[in-house]
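The exercises below concern the predicted model shown here. Each consists of a task and a solution worked in steps.

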Number of protein chains: 2
Amino acid sequence: MQIPSSSITRLSIYYRALLSLKDAALISSQELSDFTECSASQIRKDLAYFGQFGRPGCGYPVEDLKRELKKILGVDKDWDVALVGAGNLGSALLAYKGFKGQGFNIKHAFDNDTRKIGKVKQGIRIRDIEDLKKVIKSSKIGMAIVAVPQEAAREIIDRLVSSGIKAILNFAPARPKVPTGVELLNIDLSMELERLTYFLKRVRA
Amino acid sequence: MQIPSSSITRLSIYYRALLSLKDAALISSQELSDFTECSASQIRKDLAYFGQFGRPGCGYPVEDLKRELKKILGVDKDWDVALVGAGNLGSALLAYKGFKGQGFNIKHAFDNDTRKIGKVKQGIRIRDIEDLKKVIKSSKIGMAIVAVPQEAAREIIDRLVSSGIKAILNFAPARPKVPTGVELLNIDLSMELERLTYFLKRVRA
């Protein structure tokens, strides 16, 4: 069954709301709606994709729902991640402790700059991009974060895919195509900022 | 006229494609399509929102189009930005040089942690969150980046709005409502990663 991408996002929102709940055994879709600003009927619909949670009229058992969402979202285990690009953004991401707190371990980092290769940042030795395939294949990593310049993104993503990577978080301002069976998420910080300046320019004009 | 949000995103994509072009005086919507993976008809439609660029059959004049897109997107000038939250992510964002390269200057940073207040990071002195309103009003900053924990996000965003901030890039895992006339963009890195683990879990099962 194909779950709409927007439902997955909302499951993450529900999961966060439940994490912040203290001492509640049951929660109704209406209560969850108050926390999440999603409608109660939307919540019931999203959760129904994954089977029967709770009993109508009684609400959802909080601990069970939390455990189920954790499992559905795949955050019930730790994931090893490869980082490609150890420039400004890559270094900032290496330093960002939030990933580890969520069970995402940046296990390997790669760059093509000989001045960076061999250096240790945040306890991770930067490796030569030429070793990408070998390292990823032998360590069986499934997820990668791409923080390379725009012009390098397409080639790097192709190399990641052919090395067996199945899930990619891409920060490069490029949106290369990936084959079916590979999930690519693009976060382009400068494009997001341009949406804001587009708006700011209008409200300030 | 209300431009669809997806068009603004594509304008950013076209702008980037044009920046990477060397020595071309004219570009057809078909050529731009090859660079951007958006359809030629979509490109013509998006650009038509902003008036007449180029002449049918001749293509768009590259330099004019670049200049116009820059102006439309509001990146023809520098913008001062306030950062709220100088924890792991906030510090990573302070260190990220990509913002400055794009004309976004983090001018002030705020935190509520007395161990951080007064410290200088990346040349920016961390200020007391209690001074937020005063500083923002006096410096006439219109844009803010929020990198606070989930439980603080709603209050901080309310304070930013009442201080006159009109555009907010929010990295906290929360999606508070903002009044009309304020643009809020949410980037939740851990939620993005959960989309990937949701997918990974399925392909590896």
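**Exercise 1. The interface**

Task: Determine how much area is buried between chain B and chain A, and which residues of chain B lose the most area to chain A.

Solution.
Step 1. About 6200 Å² is buried between chain B and chain A in this predicted model. Carbon and sulfur atoms give 65% of that area.
Step 2. On the chain B side, the residues that lose the most area to chain A are Glu194(B), Arg195(B) and Tyr198(B). Together they account for 11% of what that side buries.
Step 3. In terms of contacts, 64 residues of chain B meet 64 residues of chain A.

**Exercise 2. The cavity**

Task: State how many cavities of 30 Å³ or more are counted, and identify the residues that line the largest cavity.

Solution.
Step 1. The count is 1 cavity of 30 Å³ or more. The volume of the largest cavity is about 80 Å³.
Step 2. Chain A contributes Leu89(A), Ala92(A), Leu93(A), Tyr96(A), Phe171(A) and Leu189(A) to the lining, and chain B contributes Leu89(B), Ala92(B), Leu93(B), Phe171(B) and Leu189(B).
Step 3. Two or more lining residues come from helix 5 (88-95) of chain A and likewise from helix 5 of chain B.
Step 4. Sorted by class, the lining holds 11 nonpolar residues, no polar residues and no charged residues.

**Exercise 3. The largest pocket**

Task: Describe the largest pocket by its volume, its lining residues and the elements that supply them.

Solution.
Step 1. The space in the largest pocket amounts to about 890 Å³.
Step 2. Its lining comprises 41 residues, and those nearest the centre are Val148(A), Pro149(A), Gln150(A), Pro173(A) and Tyr96(B).
Step 3. At least two lining residues each are supplied by helix 5, strand 4 (104-111), helix 8 (150-162) and helix 9 (189-204) of chain A, and by helix 1 (5-19) and helix 6 (98-101) of chain B. Helix 8 of chain A gives the most, with 5 residues.
Step 4. The lining of the largest pocket divides into 22 nonpolar, 11 polar and 8 charged residues.

**Exercise 4. The second largest pocket**

Task: Give the corresponding description of the second largest pocket.

Solution.
Step 1. The volume of the second largest pocket is about 770 Å³.
Step 2. There are 35 lining residues, with Ala147(B), Val148(B), Pro149(B), Gln150(B) and Pro173(B) nearest the centre of this pocket.
Step 3. The elements giving two or more residues to this lining are helix 1 (5-19) of chain A and, from chain B, helix 5, strand 4, helix 8 (150-162) and helix 9 (189-204). Helix 8 of chain B provides the largest share, 6 residues.
Step 4. By class, the lining of the second largest pocket has 16 nonpolar, 10 polar and 9 charged residues.

**Exercise 5. The sheet of chain B**

Task: Establish the strand order in the sheet of chain B, and explain why one side of strand 5 and of strand 9 is left without a neighbour.

Solution.
Step 1. In chain B, 7 strands make an open sheet with mixed pairing, in the order 5-6-4-3-7-8-9.
Step 2. Strand 5 (120-121) and strand 9 (183-186) of chain B stand at the edges with a single partner strand each, so one side of each has no neighbour in the sheet.
Step 3. Within chain B, strand 4 (residues 104-111) pairs with strand 6 (residues 124-128) in the parallel sense over 3 bridges. Phe110(B) has Arg127(B) in strand 6 as its bridge partner.
Step 4. Helix 5 (residues 88-95) of chain B packs on the sheet, where it touches strand 3 (79-84), strand 4, strand 5, strand 6 and strand 7 (143-146) of chain B. The direction of this helix makes about 155° with that of strand 3 of chain B.

**Exercise 6. The sheet of chain A**

Task: Find how many bridges join strand 7 of chain A to strand 8 of chain A, and name the bridge partner of Ile145(A).

Solution.
Step 1. Strand 7 (residues 143-146) and strand 8 (residues 167-170) of chain A run parallel and are joined by 4 bridges.
Step 2. The bridge partner of Ile145(A) is Leu169(A), in strand 8 of chain A.

Conventions: Residues numbered from 1 in each chain as written. Chains lettered and ligands numbered in written order. Predicted model: local features only at pLDDT ≥ 70, side-chain atom pairs only at ≥ 80, totals over all residues. Heavy atoms only, no water. Pairing = 2+ DSSP bridges. Contact = heavy atoms within 4.5 Å. Axes fitted to C-alpha atoms, helices over the stretch in contact; angles between N-to-C directions. 1 Å grid on protein atoms, 1.4 Å probe; cavity = no way out; pocket = protein on both sides within 12 Å on 5 of 7 lines; lining within 4 Å. Points joined across faces, edges and corners; volume = space filled by probe spheres on them. Nonpolar A, V, L, I, M, F, W, Y, C, P; charged D, E, K, R; others polar. Buried area = accessible area lost by both parts, 1.4 Å probe.
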